Amino acid sequence: MRVSVLAVGRMKKGPDTELAQRYLKRAEQAGRQIGLRGIEVVEIKESRASDAGKRMIEESIALANVIPEGAVTVMLDERGDNLSSADFAGHLQKWRDGGVPAAVFIVGGPDGLAQSLRDKARLKLSFGAATWPHQIVRIMLLEQIYRAITILSGHPYHRD
C-alpha cells in the first residue's frame, strides 16, 4: 500500500521542513518492512483567488485530481476523530491487510476544503481542539504515520 500526504501550500526551508523530512525518511525506511511501498508528500499550490470560497473550491479540485483510484481518503479536520496512536496504527493495518492500494491523508489550506471533497473522506482525523498551523499539522501527521509503522513493526510501544 502507498501512503500519501496531500497538503495545500509549501513548507519553507528551515527547521519545520527538516523535521518533516526526518519523519518522512524514517517512515519510508521502516514502512518497506511492513508492506508499505512508498510514502510521499505532495504539495498543492495555494489558490490565488481573492474570494475564500473560490480558493477552497480550486484547492479541493487540485487535491481531488491527485487522489489515486481506490484510495482510502483521510481528511485532517479539527472536528474529526481524535485517535490514539495505536488506533491510528490499527486503521493503517486494516487498510493494508484489506488490499487497499493507497491511503491518502489530506491537509487543506487555511480556508478549508469543499464539502464535495470532505464527503469522500472515509475518516476525518483530528489532532485536538486547538488550532494548529498547517506546517505543524503536517509534521504531526508524518510523526504519527512513522509511529504507526513502528507499532505495526512490533517495536515496543511505551504506552502499552
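Here are a few exercises with worked solutions on a predicted model.

**Exercise 1: the sheet**

Work out the strand order of the open sheet, and say which strands sit at its edges.

*Solution.*
- Start with the order. The five strands line up as β2-β1-β4-β3-β5, and the pairing is parallel.
- Now look for strands that pair on one side only: these are β2 (38–44) and β5 (123–125), the edge strands.
- Next, the twist. Neighbouring strands of this sheet are turned by 30° against each other on average, ignoring direction.
- Then see what lies on the sheet. Helix α3 (residues 85–97) packs there and touches β3 (72–81), β4 (102–107) and β5. The direction of α3 makes about 140° with that of β4.

**Exercise 2: bridges between strands**

Find how many bridges join β1 to β2, and how many join β3 to β4.

*Solution.*
- Take β1 (residues 2–8) to begin with: seven bridges tie this strand to β2, and the two run parallel.
- For a concrete pair, pick A7, whose bridge partner in β2 is E43.
- Move over to β3 and β4, also a parallel pair, joined by four bridges.
- A residue to look up here is M75, which stands opposite I106 in β4.

**Exercise 3: T73 in its strand**

Decide whether T73 is buried or exposed, and list what this residue touches.

*Solution.*
- Place the residue: T73 belongs to strand β3.
- Check the strand as a whole. β3 is mostly covered, with seven of its ten residues buried.
- Apply the cut-off. Buried means under 20% relative accessible area, and T73 has 6% relative accessibility, so T73 counts as buried.
- Finish with the contacts. Leaving out residues up to four places away in sequence, T73 touches I67, V104, I106, K120, A121, R122 and L123.

**Exercise 4: two helices side by side**

Describe how α1 and α5 are placed relative to each other.

*Solution.*
- Get the lengths. α1 (residues 15–31) has 17 residues and reaches 24 Å from first C-alpha to last, close to the 24 Å expected at 1.5 Å a residue. α5 (residues 134–152) has 19 residues and spans 27 Å, close to the 27 Å expected.
- Get the geometry. The two axes come within 9 Å and cross at roughly 20°.
- Classify the angle. Angles under 35 degrees count as roughly parallel, so α1 and α5 are roughly parallel to each other. The crossing of α1 past α5 is left-handed.
- Look at who meets whom. On the α1 side the residues are D16, L19, A20, Y23, L24, R26, A27, A30 and G31; on the α5 side they are Q135, I139, L142, E143, I145, Y146 and I149.
- Add burial. T17, A20, Y23, L24, A27, A30 and G31 are the buried residues of α1, and they pack against β2 and α5.
- See how α5 ends: G154 follows this helix, and its phi is positive, near 90°.

**Exercise 5: an arginine in α5**

Is R138 buried or exposed, and which residues does this side of the model bring into contact with R138?

*Solution.*
- Locate R138 in helix α5.
- Compare with the cut-off: buried means under 20%, and the relative accessible area of R138 is 5%, so R138 is buried.
- Put R138 in context. The buried residues of α5 include V137, I139, L141 and L142.
- Collect the contacts, again skipping residues up to four places away in sequence: V5, A7, V8, G9, R10, M11, V41 and E43.
- Cross-check with Exercise 2: A7 and E43, both touched by R138, are bridge partners.

Note on methods:
Residues are numbered from 1 along each chain as its sequence is written. This is a predicted model: local features need pLDDT of at least 70, side-chain atom pairs count only at pLDDT 80 or more; totals for chains, interfaces and linings use all residues. Side-chain values use heavy atoms; hydrogens and water are left out. The expected span of a helix is 1.5 Å times one less than its number of residues. Buried means under 20% relative accessible area, exposed over 50%, partly exposed in between (1.4 Å probe, protein chains only). Two strands pair if DSSP finds at least two bridges between them. Axes are lines fitted to C-alpha atoms, for helices over the stretch in contact, and angles run from 0 to 180 degrees between N-to-C directions. Contact means heavy atoms within 4.5 Å. Angles under 35 degrees count as roughly parallel, over 145 as roughly antiparallel, 65 to 115 as roughly perpendicular and the rest as oblique. A crossing is left-handed if the near helix is turned anticlockwise from the far one by less than a right angle, and right-handed if clockwise.
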